[in-house]
Structures are given as structure tokens and as C-alpha cells.
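Here is a small set of exercises to work through with the structure open beside you. Try each task before reading on to its solution.

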Amino acid sequence: THSPYEPLQADTVADRLGGLPQMTERIGPAAQWRVCEVGDGNLNLVFIVEGPAGSVVVKQALPYARVVGESWPMSLDRSFFEHEAMLRLGRRDPGRLPEIYYFDRHQAIQVMEHLRPHVILRKGLMAGERYPLLAGQLGRYLARTLFRGSDWAMETARRKADLALFAGNVELCGITEDLFFTDPFHDCARNSHTPALDRAVTAIRADRDLKLAAFELKARFCGSAQTLLHGDLHTGSIMVCAGDTRVIDAEFATYGPIGFDIGSLLANLWMAVFALPGLQPDNEERRAYRDWILDTAEAIWNVFVEEFTRLWRRERTGILGGRELFEDQADAIGSELALNTMIEGIWRDAVGFAGIEIHRRILGLAHIPEFETIADEALRACCEHRALMAGRVLAVERGRFAAIGQVRTLIARLEGH
Ligand code: SR1
Ligand code: MG
């Protein structure tokens, strides 16, 4: 008895949603709403709805990929998985996601908190803004959500139920499998790249070691259901202001390796550094900003390790709690050895996934504005090529980065290239 799915338009939002108490109680009567479509992502419609008493965000999935058009149909179910993931991630790190006020599965509509004065982190970084709380809040977000969705924290029944639930997000998981790990490394019709990179691209597609690394990392992504991932944690999925950081857009949520979200995020920070010569003049200020981004990436990882360690010591109550193995015998050393092995594996994965994320953002379907807005093609190609060289080392030699400071050394070496 549901009315058939219909995409919202700015001038139909009041008619369609004006009867919802979740809206009117929060922002006032529909007759006084002002509605503006602001979505600039690859997939969905996003409206800001302002009333006399406040404002909310309305997000609706389209039955196709917005970035391509109706020729790429896409299931509305992603909205259901996004909603389920947002609820879980929000519970695992309270306050770090927008509050969700309403969800309509059939119309694929979510109504949520309008974050103000937040901006998309990617835009803030392109504008040269600094966010003092960013690293701490994101490092803890990563540790809490990734630990608390895993076998270390969840008991068997809930964990298996969630694994089965999110296994249903097949369509978006399949997009990640293809767009990250396969498309960039062969001549796929969905790909595009800066023409001046033609020779580098030919070399990449003949690079057996790199393709082997992509293959191994794809196998890791598909076969290692360590935790519930956000699944698309780039700087466009984070909103920030001076005092707050929020994570949005969890529609690619899936069970996967802990290092995936971490690597995606770090890669986008490192790409922001490689894009700087195309976005700002070369001066002291730019060099200081570059250092701030690299410091932020390092601090995110360091805070992640610190918080993950705290959770490991205090909250290990799940299937892999291991208390019988270690604590019953007061084997604190065994427990710490297990933790260290885990963190080393997470880091190795994160480094490798970062290398893959860099490739797919320069060679695949979904590019990033840091590079795309560099009008001078030769300069853009130079920035992208340096990032690709870093990405190759990260993916192929992911086992040789003993500490995150070594990535900084790699970046510095390539900046002089
Ligand atoms: C067709 S979807 C392309 C990309 O946009 C999303 O934001 C994800 O990053 C996805 O890979
Ligand atoms: Mg998104």
C-alpha cells in the first residue's frame, strides 16, 4: 500500500513531507518552508529544508547513479543499508554522526540533522582551513567504530546477524570492488584521466607488481570481514567546523578489513598535499599548511592506535575477546603481543588501501576536485603523477612502512621529483 517511489524536487518537498511531525515539530509548518537542493555527490539528492523554527537535511537515493545518469541503474536499497549503518556507527561513537530524525525505506528518504556551520572537509582543505579537533575526533571515531563492530567486541549472535544483514549491500559493495581494485588498472570504459598522463597510465597498466598488489588487496577487501566499515570514508564524507567533526554518507557500509576506512581517509589527506602546488602559490603559508595536513594524518593514526589499545584492554568482550587465553593466566604479555600483531596488520592494510584509493581517484570513474580544479593541465598532471608514484609505493611496498613518518619521507622525496 505504499505510494510508488518518486524522486523529490525542491518544489514538492513541502507537499510530500509536510505532514510528518518529525519535520514540523522541528522546523515549523510546511507552508513556511524554504527548500534548496544542494547535492553535489555522485549518487543522491540532498535538500536543505528551512522553516521558521529550524532546518533539516533531506537525503533521497535516486534509482540510478547521479554521476553517470539513468544508464547506470542503482538499487534504492542502499538507503536502507546506509540508515542501518548510520545507526550502528552513531551508537559506537556517540556524537560523531548526524542525528537521524526519520527514515522511509520505500521512498529511500532520510531526514537528518542540518549540521551548521560545518562544511565538507574536502572543501575546507581546498580553502586552506585548519581544524584543531579533527585528528582527535577522527582517530577516536575510527578506533571506536572499527573495534566495536568487530569480533573483539561483539558476541556471536549479533555479530553474525549483522554480517548477514550487510552482506545484502551487494550492489554498492560490488561498485567498490570494481571501482577501487580493478577498473583503474585496465582500460575500462568508465575510466578517465588527464591526457598528459597517457604514458604513465600505459606504464601502470603494464606494471605486474602493482596489479598483483591491487589483486591481493581486493582479495583482502572481499575476504576479510573484520568489522563494519563506513566503506567510503574520504574527505567528502566528513563535515567539519572549528569545534566539531561529523561522518556522513555510510551507504557503502559493508563488513571488511579495519584498514580500509583508515587507508581511504589517509589517502585523501595525502592527495590534498599532492594537489597543493596546483591550488596555492608556493610560499611559506603553503608549506606550513602542507605540514599541518601531514601532521593531521599522522595524528589520526596515532590517536587511532591509542584509542584502539584502550578499547582492546577494556572492552574485549566479543567472540575474539581472548580473555580465557590471556587474562585467566594473567598473561598480559600475550594479550599485548596479540594487540601489536593486530595493529601491525591494520597498518599494513591501511597503507595498501591508501595506495589503491590514490589510483582510483586519478584514473578511475570518481575523481576528486583537488586535482580536477587545477586548470593548468601540465601542472595537474604533475601533481597527479607524484600522487600516483606515492600510491604505487604504498600499494606494492605496504609491508615496508614501519611507521607513518616514513610516508612523510616518501611524499617529501616525490615533491622534489
Ligand atoms: C558510482 S559511485 C562512484 C563513487 O562515488 C561514491 O562517493 C563512492 O566513492 C564511489 O566509489
Ligand atoms: Mg558519498
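In this predicted model, the C-alpha centres of domain 1 and domain 2 lie 26 Å apart. The exercises begin with these two parts and then move into the sheets, the cores and a few single residues.

**Exercise 1. The two domains**

Task: find the bounds of domain 1 and domain 2, then work out how many residues each gives to the contact.

Solution.
- Step 1. Domain 1 covers 13–113, and domain 2 covers 119–415.
- Step 2. On the domain 1 side, 18 residues take part in the contact, and on the domain 2 side 24 residues do.
- Step 3. Sort the domain 1 side by class: eight residues are nonpolar, three are polar and seven are charged.

**Exercise 2. The five-stranded sheet**

Task: give the strand order of the open sheet of five strands, and say which strands stand at its edges.

Solution.
- Step 1. Reading across the sheet gives β1-β2-β3-β7-β6, and the pairing is antiparallel.
- Step 2. The edges are β1 (34–37) and β6 (100–104); each has a single partner strand, so one side of each lacks a neighbour in the sheet.
- Step 3. From one strand to the next, the twist averages 20°.
- Step 4. Start pairing at β1, which is joined to β2 (residues 44–51) by four bridges. Here E37 sits opposite F47 of β2, and the two strands make a hairpin with six residues between them.
- Step 5. Go on to β3 (residues 54–61) and β7 (residues 109–113), an antiparallel pair with five bridges. V56 has E113 in β7 as its bridge partner.
- Step 6. Add the helix: α3 (residues 77–92) packs on the sheet and touches β3, β6 and β7. The direction of α3 makes about 150° with that of β6.

**Exercise 3. The three-stranded sheet**

Task: follow V240 in β10 and find its partner in β11.

Solution.
- Step 1. Set the frame: this open sheet has three strands in the order β8-β10-β11, with antiparallel pairing.
- Step 2. β8 (119–120) and β11 (244–247) are the edge strands, each with a single partner strand, so each has one side without a neighbour in the sheet.
- Step 3. Towards β8, there are two bridges between β8 and β10, and V119 stands opposite V240.
- Step 4. Towards β11, four bridges link it to β10 (residues 238–241). The partner of V240 there is T245, while I238 is matched with V247.
- Step 5. Close the turn: β10 and β11 form a hairpin with two residues between them.

**Exercise 4. The nonpolar cores**

Task: name the helix that gives the most to the largest nonpolar core, and trace the contacts of W270.

Solution.
- Step 1. The largest nonpolar core has 92 residues, and L266, W270, M271, A275 and A354 have the most contacts inside it.
- Step 2. The helix is α10 (residues 259–279), which supplies 14 residues.
- Step 3. Both domains share in this core, with at least three residues from each of domain 1 and domain 2.
- Step 4. Setting aside neighbours within four places in sequence, W270 is in contact with A297, A354, A390 and I411.
- Step 5. Another core lies apart from this one; it has 17 residues, including L17, I27, V49 and V56.

**Exercise 5. Residues in loops**

Task: decide whether A108, D249 and A375 are buried or exposed, and look at the backbone around the loops.

Solution.
- Step 1. A108 is in the loop between β6 and β7. With 25 other C-beta atoms within 10 Å, where 20 or more are needed, A108 is buried.
- Step 2. D249 is in the loop between β11 and β12 (254–256). This residue has 23 other C-beta atoms within 10 Å, so D249 is buried too.
- Step 3. Check phi: A108, though not a glycine, has a positive value of about 55°. For D249, also other than glycine, phi is positive and near 65°.
- Step 4. A375 falls in the loop between α13 (369–372) and α14 (377–396). Its 8 C-beta neighbours inside 10 Å make A375 exposed.
- Step 5. Finish with the peptide bond between R116 and P117, which is cis, with omega about 10°. P117 belongs to the loop between β7 and β8.

How values were computed: Residues are numbered from 1 along each chain as its sequence is written. Chains are lettered from A and ligands numbered from 1 in the order in which they are written. This is a predicted model: local features need pLDDT of at least 70, side-chain atom pairs count only at pLDDT 80 or more; totals for chains, interfaces and linings use all residues. A nonpolar core is a set of buried Ala, Val, Leu, Ile, Met, Phe, Trp, Tyr and Cys residues joined through C-beta atoms within 7 Å. A residue is buried if 20 or more other C-beta atoms lie within 10 Å of its own, exposed if 12 or fewer, and partly exposed in between; C-beta atoms are placed from the backbone. Domain bounds come from an automatic or database domain assignment. Two residues are in contact if their C-beta atoms, placed from the backbone, lie within 7 Å. Two strands pair if DSSP finds at least two bridges between them. Axes are lines fitted to C-alpha atoms, for helices over the stretch in contact, and angles run from 0 to 180 degrees between N-to-C directions. Ala, Val, Leu, Ile, Met, Phe, Trp, Tyr, Cys and Pro count as nonpolar, Asp, Glu, Lys and Arg as charged, and the others, Gly among them, as polar.
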